[in-house]
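Me: I'm new to this one and would like a guided look at a single part. Please begin with a side chain that caught your eye, then show me what the chain builds around its sheet and helices.

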Amino acid sequence: MSGHTNRISGSARLTGVTVQAGDVHGGIHVHQPTPDVPVPRQLLPAPPHFTDRESDLAALRELSAHRTGLVVVTGAAGVGKTSLATRWLRTSGADFPDGQFYADLRGHTLEDAASPSEVLGRFLRALYPGPVPADLAEQAALWRSLTSGLRLAVMLDNVCTAAQARPLLPGSEHSLVVVTSRRRLTGLRIDGAVFHSLDVLPPHAAEELLIRGIGRDRVEGDPAAARRVVSLCAGLPLAVCVASARLAARPRQSLRAMADALARPGDRLALLTVDGETAVRGALDDSYEALPAPAARLYRRLGHLPLPELDGRIAASAGGHTLHEADELLNVLVEANLLQDPGPDSYRFHDLIRLHARQRGTEDEADDTVRRVADWYLATATEAEKLITPAQFTLDRDHVHQPYLAVPFTDETGALSWLDRHRVNLMTVLRTAEDRRWHTLVWQLADAMWPLFLKLRYYDLWIEAHERGLTAARLAGHAAAERQMLNSGAIGLSAARRIDQAIAWYGASREAARLAGDRRDEGQALLGIGAAHYEAGRLTEAVPYLDRAITAWKETGYSRGTGLARIVLGEIALAAGDPPLAVRHFDRAHATLAAVPDPHDTARALAFLGRARAAAGEHASGTAQLLSALGTFEHSGSVHWRARTLEMLGQTAQDSGRADTARDYYLRSLALCAPISVEDAGRLRERLDSLPAG
């Protein structure tokens, strides 16, 4: 109005749309521009000490090249999943101009995990200035609508379940979502996900990570200690980074001191702390706490096992489970990335995870677990022994936990294959039993492994097992077991060309058998002494011991023993240049052993009989018998005797002037024996050199 003024003064402040006017005529139209929303750039900073991982980055680039919109990076706690995904997405920023989103879903445990609604609210507010719905379904629908057609990179870190991630997937085929998780998240396969499993760093990369943390000069000042630190961190990037941080904060501490501290298993996880936070243990604790109780129990139990490789039957034995129950629980541990599955029915721990699992358990749990698995190994190896060497005398077995699982083989070949595949574990169990002073178990395991040593000739394991078994039998006060260990161990010593030591063991066995009044065991010792003298080239000294062994066994009715002794007498006759006498000895041995029956030693007698016949001029019949024996050894898996029979076939072919055939047999024999016997391999090379040039 005229004479009036319209002023804004004092403490008044103008916000939003303000209209200040005198007289107003007609309508007022107000236009408020939408404020600009910055393009989201939420990815974490590039990791400062990122090292190596070129093959992993290449694999991720290959996965994304196939136009997949969802990549899941899985791995154990502390393996570097977040660093890898961040590095990859930051180098690909130009491919996603419409925004880069990041959210930590705190999925280490179900209780602490972020809800999809919490994360969607943040994502929507970063992209859209309008009101955000409260309902999860409405949020997800709006998110898909707003992102349709956009080129976005979305990193969902530490996801707990597929259901947690699914509502956060954008609605654009041009976007890329990278999920990291300690779990496998196989449920995301139905959403088109592809997976990349991240493993620990190789030693050179882990050492480079240490260098970046504490400086090259310090590492080069004591490279051996630096390698020990890296080795004790077992290639886990989190552990290496924590060790680096501790060393960097203590510039006067030597690398050697850190390595010595880490080498103490009880202190290793406790040492890997920064600012009072147990970085490595805390990360593993989170994964452990998320396990269902039965899986957590099996995790603890498996951690107590000193075995480098596990399988379903070992797990079942450790926990007293059925095979089906064990498989289900192993799957839970694999999904949680607390256990690796490098092959079918094959599992293993990362070193630090094994240590964590062990520390979560108790000593009573450890004793029970190790004994259950040891008893299963003893029972299974004994069943293999019965299949492979049925004529072998087997002493009684003692089990704290009675075996209940079916054996994983049905025939001789399968049994030998199982023994070979588990030989490292079997020896580890034997050593562990010795450490726990389970003396009876030690010698019984050594005894049960007899077919492995007899057929495949692992001389170092053969001798070690029987040295430990002999000590254990004496500590257990078991006289028969002591003699068994002496005899079987002496055979290994003789086969390994430790002849004098073998004779000493046989002599101790003979004396023990005399004191016990056991003529059968005395005959075994006499056979061993005679065979050892023969192996040493003392032919005339060998024969009286063999004759006495035959006499002792005739008195006790042990016909198999007489057959074994006649094989050695035949070898002596053959070496002395008397093939007809050798044929007579081998023929009698073959008939005796076939009647027992003893298939393995029957085939040995047949092979020698064929060689003796060929040496006596009967090349055709001798070759036929050698080939028949070879077939038996091929079927049974006896590598040593396959090689010996092929060598005898080569000798027979060479004697009859067939140099090319002889060369073929010698080469086949050499291929078999080279990995197990330096002496046999050297002899084969000499035979090959003796052939005329082809």
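**Starting from a cysteine**

Reply: Cys233 is tucked away: its relative accessibility is 1%, so it counts as buried. Buried here means under 20% relative accessible area, exposed means over 50%, and partly exposed is in between, using a 1.4 Å probe and protein chains only. Before we go on, this is a predicted model, so local features need pLDDT of at least 70 and side-chain atom pairs count only at pLDDT 80 or more, while totals for chains, interfaces and linings use all residues. Residues are numbered from 1 along each chain as its sequence is written, and side-chain values use heavy atoms, with hydrogens and water left out.

Does a buried cysteine have a bonded partner, or is it free? In this case Cys233 is in no disulfide, and a search of the whole structure turns up 0 of them. A disulfide would be a pair of cysteine sulfur atoms within 2.5 Å. The nearest cysteine sulfur to that of Cys233 belongs to Cys241, 9.4 Å away. Seen from the other end, Cys241 stays unbonded because its closest cysteine sulfur, in Cys233, is 9.4 Å off, too far for a bond. The setting of Cys241 is not that of a buried residue: with a relative accessible area of 35%, it is partly exposed.

Now the sheet. It's an open one, with 5 strands in the order E2-E3-E4-E1-E5 and parallel pairing. Its edges are E2 (100–104) and E5 (194–197), each pairing on one side only. Neighbouring strands are turned against each other by 15 degrees on average, ignoring direction. A word on the labels: strands (E, at least two residues) and helices (H or I, at least four) are DSSP runs, numbered from the N terminus. Two strands pair if DSSP finds at least two bridges between them.

Let's walk across from one edge. E5 pairs in the parallel sense with E1 (residues 70–74) over 4 bridges, and Val194 of E5 is the bridge partner of Val71. Helix H1 (residues 54–65) packs on the sheet here, touching E1 and E5, and its direction makes about 175 degrees with that of E5. Contact means heavy atoms within 4.5 Å, and angles run from 0 to 180 degrees between N-to-C directions of lines fitted to C-alpha atoms, for helices over the stretch in contact.

On from E1, 5 bridges join it to E4 in parallel, with Val73 standing opposite Thr180. Strand E4 (residues 176–181) is mostly covered, as 6 of its 6 residues are buried. In a regular strand the side chains alternate between the two faces of the sheet. In E4 that gives Leu176, Val178 and Thr180 on one side and Val177, Val179 and Ser181 on the other, all buried. Next comes E3 (residues 153–157), joined to E4 by 4 parallel bridges; Leu156 has Val179 as its partner in E4.

Just past the edge strand E2, in the loop that leads to helix H3 (116–127), sits Arg106. Arg106 has a positive phi of about 50 degrees although it isn't a glycine, and at 35% relative accessible area it is partly exposed. Most residues other than glycine have a negative phi, and most peptide bonds are trans. Arg497, in the loop between H23 (479–495) and H24 (499–516), also has a positive phi, about 70 degrees. The bond from Val596 to Pro597 is cis, with omega near -5 degrees, and Pro597 lies in the loop between H28 (579–595) and H29 (599–615).

Further along the chain is Thr645, found in helix H31 and buried at 0% relative accessibility. Setting aside neighbours within four places in sequence, Thr645 is in contact with Ala607, Leu626, Leu630 and Phe633. The C-alpha atoms of Thr645 and Ala607 are 6.3 Å from each other, though the two residues are 38 apart along the chain.

H31 also takes us to the last stop. The whole structure has 2 cavities of 30 Å³ or more, and the largest holds about 50 Å³. Helices H31 (639–655), H32 (659–673) and H33 (678–690) each give two or more residues to its lining, with H31 giving the largest share, 4 residues. Among the lining residues are His640, Cys673 and Leu684. A cavity is a set of points on a 1 Å grid over the protein atoms alone where a 1.4 Å probe fits but cannot get out, and lining residues have an atom within 4 Å of a point. Points are joined across faces, edges and corners, and the volume is the space filled by probe spheres set on them.

Key: On a 1 Å grid over the protein atoms alone, a cavity is a set of points where a 1.4 Å probe fits but cannot get out, and a pocket is an open set with protein on both sides within 12 Å along at least five of seven lines; lining residues have an atom within 4 Å of a point.
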